[in-house]
Amino acid sequence: MVDPRLSIVNKRLAKVKKIIAVSSGKGGVGKSLIASTLALILSKRGHRVGLLDLDFTGPSTHVILNTEGYSPKEEEGVIPPEAHGMKYMSIVYYTRDQPTPMRGEDMSNAIIELFAITRWEALDFLIIDMPPGIADATLDMIRLIERIGFLIVTTPSKLAFETVEKLILLLKDLKIPIVGIVENMKMKESNFIREEAEEQNIPYLGEISFDPWVEDSIGDVDKLLQTEFAQNVRKTTSNILQLNP
Amino acid sequence: MAEAVNSAAVEVGEKEGLKEITELNIRIGRLQQIDLKIFEFALSHLRVPMLKNAKFNLKIVEAELKCRACEHGWSFNPEDLGQDASESVHFIPEVAHVYVKCPKCGSPDFEIITGRGVWIESIKGVR
């Protein structure tokens, strides 16, 4: 028995220069907002960008970007629509934003299927918004996607980092590239995450202050890009570009 | 999908040291809702050198689902879902969990026993 999808996944990504999975062991640390804003900023800087929401059971980038009305075009696979200057793909096109209760094997199959059917074409960056944890989606990305790098998001919380560190250890153990670590929702001075990054020999890509106004910008991309949050993500983006020319 | 089948067949052929693939037995899950004539045309249209004389034997595998909550099993045809939902299942069969519930207990927690995916069951060729 041969599953033909597996042979085409990396061919579909052949014209993508850099693949960055925005990931965290922990939920609620701001992965989707960072992934969306990072993709928008890269696109505004003239890069060809794709954004893929891989959080199948809790997708949210479509809400952040307000992509209602967009849908992929079927043509020897599917071509993601262009939203805010970037190619945007999410399972919500197929779930109509309804609850999507999937167990591990179904999740894996859906991930493979999505990569097998999606024609990304030429991109400088494909940003993947990962679900929390180190379960199926993370393991499938590691197993299936050549050239993937992980951008790790944490908060300053020791409790959050306790879980995030497990993702770091897993990636290091499997020799999967780590783009760096971003410290989100910072509310007071602390070197805890910076020191942990140094100890793990991972680039510290910057801190993002807790911005109480970012919530008001959800669904309004122009407003989002004017927030202090986006300003901080711009610095992080510059650091990513500097380290990954 | 035709591109993927051809590509996977060539990979297997090369691994097995085949000069030419003469026959492929391909199974297609009902959930994929693939039109066999169109699929066969696409497979032939994309024909790569190793498959130039290959015969494609295509067979549909019906969808059988089993509820994890009450263990009820049933047959399912995605075309019964209505156009939008069945089209979604065509692209990503696992989104059936959004549109299908166990007819006995109403749970969306079911297992797709058969009828998902496209796979190459066997290949015949010349060394």
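Of the 14 residues of helix α5 of chain A, 11 are buried, so this helix is largely enclosed by the rest of the structure; a residue is called buried here if 20 or more other C-beta atoms, placed from the backbone, lie within 10 Å of its own. The structure is a predicted model, in which local features need pLDDT of at least 70 and side-chain atom pairs count only at pLDDT 80 or more, while totals for chains, interfaces and linings use all residues. Residues are numbered from 1 along each chain as its sequence is written, and chains are lettered from A in the order in which they are written.

Helix α5 of chain A covers residues 104–117 and reaches 20 Å from its first C-alpha to its last, close to the 20 Å expected at 1.5 Å a residue. Helices are DSSP runs (H or I) of at least four residues, and strands are runs (E) of at least two, numbered from the N terminus. Among the buried residues of α5 are A:Asp106, A:Met107, A:Asn109 and A:Phe115. What covers the buried residues includes α1, β4 and α6 of chain A, together with α1, α3 and α4 of chain B.

This leads to the contact of the two chains, which takes 23 residues from chain A and 23 residues from chain B, where residues are in contact if their C-beta atoms, placed from the backbone, lie within 7 Å. On the side of chain A that touches chain B, α5 gives the most, with 7 residues.

On the other chain, B:Val95 lies in the loop between α3 and α4 of chain B. B:Val95 is buried, with 26 other C-beta atoms within 10 Å, and it touches A:Tyr94, A:Thr95 and A:Thr100 as well as B:Ser88 and B:Val89, not counting residues up to four places away in sequence. The C-alpha atoms of B:Val95 and B:Ala85 are separated by 8.7 Å, although these residues stand 10 apart along the chain.

Another packing lies within chain A. Two packed helices are described by the angle between their axes and the distance between the axes. Helix α2 (residues 31–44) and helix α10 (residues 228–243) of chain A pack at an angle of about 65°, with their axes 9 Å apart. The two helices are therefore roughly perpendicular to each other, a term used for angles of 65 to 115 degrees. The contact is made by residues including A:Ile34 and A:Leu38 of α2 and A:Phe229 and A:Val233 of α10.

Notes: Axes are lines fitted to C-alpha atoms, for helices over the stretch in contact, and angles run from 0 to 180 degrees between N-to-C directions. Angles under 35 degrees count as roughly parallel, over 145 as roughly antiparallel, 65 to 115 as roughly perpendicular and the rest as oblique. The expected span of a helix is 1.5 Å times one less than its number of residues. A residue is buried if 20 or more other C-beta atoms lie within 10 Å of its own, exposed if 12 or fewer, and partly exposed in between; C-beta atoms are placed from the backbone.
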